[in-house]
Amino acid sequence: MPQAATAASGSGPTDKDESAGLQMLEIKNLHAKVKGREILRGLDLSLKAGEVHAIMGPNGSGKSTLAQVLAGRDTYEVTDGTVTYQGQDLLALSPEDRARAGVFLAFQYPVEIPGVSNNYFLRTALNAVRKYQGQEELDAVDFLALVQKKMQLLHMDEALMKRAVNEGFSGGEKKRNEIFQMAVLEPRLAILDETDSGLDIDALKTVAAGVNALRAPDRTVLLVTHYQRLLTYIVPDYVHVLSAGQIVKSGGKELALELEDKGYQWLGEPDLVAGA
Amino acid sequence: MSTQAQDLEALANKEYEYGFVSAIAEDVVPRGLNEEIIRMISAKKNEPEFMLDWRLRAYRQWLKMTEPTWQNVHYPPIDYQDIIYYSAPKTSSDGPKSMDEVDPELLEVYEKLGVPLKERGILAGVTPSVAVDAIFDSVSVATTFQAKLAEDGVIFCSFSEAVQHHPELVQKYLGSVVPYTDNYFATLNSAVFSDGSFCFIPKGVRCPMELSSYVRINSNASGQFERTLIIAEEGASVSYLEGCSAPKRAKNQLHAAVVELVALDDAKIKYSTVQNWFPGDKDGVGGVFNFVTKRGKCLGKRSKISWTQVETGSAITWKYPSCILQGDDSVGEFYSVALTKNHQQADTGTKMLHLGKRTRSTIVSKGISAGVSQNTYRGAVRMLAGAEGARNYSQCDSLLIGDKCGAHTFPVLEVKNNTAQVEHEASTSRIGEDQLFYCRQRGISNEDAVSMIVNGFCKEVFKELPMEFAVEAQKLLGVSLEGSVG
Ligand SMILES: Nc1ncnc2c1ncn2[C@@H]1O[C@H](COP(=O)(O)OP(=O)(O)OP(=O)(O)O)[C@@H](O)[C@H]1O
Ligand SMILES: [Mg+2]
């Protein structure tokens, strides 16, 4: 069992707030299968409030699987391990309750919902979250005011709000829309699955600014990415390498540079490393 | 089965809400069908000679016809001698003279259905938005706001009243769009129909409120055969809404209605239906056989007839609201949402018959199938030789929920004028597990997500419905889906 996984639980950034440094997510020995095949094989990861973690790793290593398992997709069967989110058993919650409790997933492939306006969709989502958290639901007017602020932040075209959710959006617009939704929903734990892929340079900067604006002592971001490029804009506190369903190496932001330089091969054959 | 699928299943098995039976004394004719019964119905209604003649001609024609079998639905043979062809609440044998004479029990039934029959709560100087003709089994029991409408010359009454007070209009237009020889069920209706709604909008009048009929089948083992006739004279316009429900009965009930619309020059008729007959239970027992003929004739130049239907009920639906586009530059539209679940079967669509020059038609059909249901779109667009420069656009989309249901599309195109243009688009999709998960990941419950996705799918049709009806339709769709999605 590689020790690397526990590196993340070392000292976090300096406390700016009493919630910073508190445990946000604790994954222990997570095993998950899809269609009978084991994809996650004893994954450990610990994230504290206020931190930004990046997960990198070869294609097919299980990054999206991890993201989907955390969000509660039932095509993935968790066979062993625990996930504790803000002190509660995350795996016991339905996908919608996880979302309402503050877990947000920016999808690698955002889904189109024809006929349902982005505006209506997002208001329904926000009000479901607010209701769960004991806050008052927003009416159309208050919602609009909120949305307009967030649209400016992400340079979102107002026309996109009136269009159906992701329908006919360009690849980049879909990704930007994910971050826009995140900005409106203000989650505690944001998981971004390859939000940078498909973005042009300007869009990348805008999206990064959107994420950075959300960085807060009581919020944690988990970025899945293949490229160092994103990490120059959103500077992570920790970088982890996921290979064959396990975290095989963890380090600081400089690890991403090293990976960019050397690839994943130097970490050894994934199967050897993962063969616990 | 995944938990999502189970939730959906639970959602779809929600009970039919309008299944109660009312204990109302009824006046019925003996079971079965023969000339004697038809004479009896006609006599009960005190009809003029021409009506009885017409009924008898229809009956004799019907005896020579055979039940159609081309449609994609399956049901056990109907015993036409086991149907009661006339059933009316006892108190209204002469028809109530005013709302005060309507049996309070009946008013209560409609109240329970959410259909207001009391002309109350209307502020002085404010025009009410909807007038209702309530049909209970075989007869119309109440028509609201008749006096108010009469100020504009609008006639809105039961068919029986129209036969008594406006026989010349009835004689002129009855059967002018759907002749008594038309088809097996329409012919049967012509022989035995007992009541229905009648509207006449005179020249140049925009009907000041929505007109509506609410049809309720109550009695057991009866058939429901109502007939509606709407005439819009030159430059007149009207929006008509139709709703319906029936109690839960273990036996199938036959509903064979006919609707005829006539639009003269520059007239506009918009006919919207929300059909929520008892669909049978989840095992397919009981439910209404909805075998209906609806047709509009755009007789005048630049006239327009628009059908919008939301079909969620009935064990079997067999219905093709159609337009005969005879006047030059006339327009026909058909917007449809048909939802089937459990063992329901729907074979529905439209016919657009282009006769006049530059006639245009639009067809938008959205079929949603869940459970083990079968949903068929059947449409015909015919451009005849005189249809110079005519155009049609058709779009048929099917949405499948689960993998045990079926969606079928049978479009027929016939173009006999080479300047005419037809365009047809079709799609079939499955409600995506990925769409549901995406919604749920944003905090939206599974149930709300299904209803949101289905409503999104139907949006183009819902936007054609009058406002309050659109809201009703959306709710109905949500309720209908509860427990049926798997
Ligand atoms: N629904 C599924 N059905 C079958 N196999 C799946 C499914 N989801 C994931 N897998 C398999 O699990 C493995 C891990 O996939 P995952 O999407 O988690 O990889 P990833 O690390 O995100 O890769 P990428 O960098 O290409 O996005 C792959 O071999 C993939 O084919
Ligand atoms: Mg991935």
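**Notes for a first look at this model**

1. A good place to start is helix α8 of chain B, residues 184–192, which is mostly covered: nine of its nine residues are buried. Please keep in mind throughout that this is a predicted model. The buried residues of α8(B) include B:Y184, B:F185 and B:L188, and also B:T187, B:N189 and B:S190. At the N-terminal end of α8(B), B:N183 acts as a cap, with a side-chain oxygen 3.0 Å from the backbone nitrogen of B:F185.

2. Staying in chain B, look next at strand β18, residues 331–340. Ten of the ten residues of β18(B) are buried, so the strand is largely enclosed by the rest of the structure. In a regular strand, side chains alternate between the two faces of the sheet. In β18(B), B:V331, B:E333, B:Y335, B:V337 and B:L339 point one way, while B:G332, B:F334, B:S336, B:A338 and B:T340 point the other way; all are buried.

3. Which strands pair with β18(B)? One is β15(B), residues 304–311, which pairs with β18(B) in the parallel sense over eight bridges. Here B:E311 stands opposite B:A338 of β18(B). Another is β20(B), residues 360–369, which runs parallel to β18(B) and is joined to it by ten bridges. In that pairing, B:I368 of β20(B) is the bridge partner of B:L339.

4. Chain A offers an antiparallel example. Four of its strands form an open sheet in the order β2-β1-β4-β5, with antiparallel pairing. The edge strands are β2 and β5 (88–89) of chain A, each of which pairs on one side only. Strand β1(A), residues 23–34, is joined to β2(A) by nine bridges, and the two run antiparallel. To find your way along this pair, look for A:I27, which stands opposite A:L45 in β2(A).

5. Now turn to ligand 1. There are 16 residues around ligand 1, and those that come nearest are A:G60, A:K63, A:S64, A:T65 and A:H226. The residues of this shell divide into four nonpolar, eight polar and four charged.

6. Three side chains are worth displaying together with ligand 1. An N or O atom in the side chain of A:T65 is 2.5 Å from an oxygen atom of ligand 1. For the side chain of A:K63, the corresponding distance to a ligand oxygen is 2.7 Å, and for that of A:R37 it is 3.0 Å. Taken alone, ligand 1 exposes 630 Å², and the protein buries 71% of that. Two elements of chain A, β2 (37–48) and α1 (63–71), give two or more residues each to the shell around ligand 1. Helix α1(A) gives the most, with three residues.

7. Finally, which protein atoms are the donors of the magnesium ion, ligand 2? They are OG of A:S64 and OE1 of A:Q108, lying 2.0 to 2.3 Å from the ion. Because A:S64 lies in helix α1(A) and A:Q108 in the loop between β6 (103–106) and β7 (113–117) of chain A, the pair ties together parts that are 44 residues apart in sequence.

8. Are these two donors buried or exposed? A:S64 has 23% relative accessibility, so it counts as partly exposed. A:Q108, at 16% relative accessibility, counts as buried. The cut-off behind these labels is that buried means under 20% relative accessible area. A:S64 is also one of the residues that come nearest to ligand 1, which makes this residue a handy link between points 5 and 7 as you explore.

Key: Residues numbered from 1 in each chain as written. Chains lettered and ligands numbered in written order. Predicted model: local features only at pLDDT ≥ 70, side-chain atom pairs only at ≥ 80, totals over all residues. Heavy atoms only, no water. Near = heavy atom within 4 Å. Polar contact = N/O pair within 3.5 Å; in protein donor to acceptor, adjacent residues only side chain to side chain. Areas by Shrake-Rupley, 256 points an atom, 1.4 Å probe, with all protein chains shown as cover. Nonpolar A, V, L, I, M, F, W, Y, C, P; charged D, E, K, R; others polar. Buried < 20%, exposed > 50% of the residue type's maximum accessible area, 1.4 Å probe, protein only. Donors = N, O, S within 2.8 Å, 3.2 Å for Na, K, Ca; no water. Pairing = 2+ DSSP bridges.
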